[in-house]
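Visitor: I am new to this structure and would like to be led through some of its residues. Could you show me the model before we begin?

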Amino acid sequence: AASAIKQSATTPNLPGTIDPANLSKSTITAIQTALKSRGLYSDVIDGIWGSKSKAAMNAYLATRGQAAVTLDTLFSLGVSL
């Protein structure tokens with residue numbers, strides 16, 4: 001049971017990864033602004049991590065060859081925590 005719990009806990013949230021939905025509204029706003037400036041996000045900059053924010057971030061991750069958001073991802077966007 002312990003290994004199953006450990007596996008399910010680490011699979012979606014790999015060590016060092018960040019779920020932008022858990023970040024502050026001001027940080028999400030900064031991420032949306034950075035993605036918009038790169039032409040990846042075209043919705044309203046509202047500080048809410050919705051499906052369009054996720055899609056834009058996934059597109060950005062793809063350009064970097066990354067599978068998940070990390071501190072390095074945010075720094076590359078000019079966003080700090």
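Guide: What follows is a short set of questions and answers about a few residues.

This is a predicted model, in which local features need pLDDT of at least 70 and side-chain atom pairs count only at pLDDT 80 or more, while totals for chains, interfaces and linings use all residues. Residues are numbered from 1 along each chain as its sequence is written, and side-chain values use heavy atoms, with hydrogens and water left out.

Visitor: Is Gln 32 buried or exposed?

Guide: Gln 32 sits in helix α2, residues 25-37, where a helix is a DSSP run of H or I with at least four residues, numbered from the N terminus. Buried means under 20% relative accessible area, exposed over 50% and partly exposed in between, with a 1.4 Å probe and protein chains only. Because its relative accessibility is 1%, Gln 32 counts as buried.

Visitor: Which residue's backbone nitrogen does the side chain of Gln 32 reach?

Guide: Gln 32 touches several residues beyond four places away in sequence, including Tyr 41 and Asp 46, contact meaning heavy atoms within 4.5 Å. At 3.0 Å, its side chain reaches the backbone nitrogen of Asp 46.

Visitor: What separates the C-alpha atoms of Leu 61 and Thr 73?

Guide: Leu 61 belongs to helix α3, residues 51-64, whereas Thr 73 belongs to helix α4, residues 71-76. Leu 61 is buried at 3% relative accessibility, and Thr 73 is buried at 0%. The two residues touch, and although they are twelve residues apart along the chain, their C-alpha atoms are separated by 7.7 Å.

Terms used:
Helices (H or I, at least four residues) and strands (E, at least two) are DSSP runs, numbered from the N terminus. A polar contact is a pair of N or O atoms within 3.5 Å; within protein, one must be able to donate a hydrogen and the other to accept it, and residues adjacent in sequence count only if both atoms are side-chain atoms.
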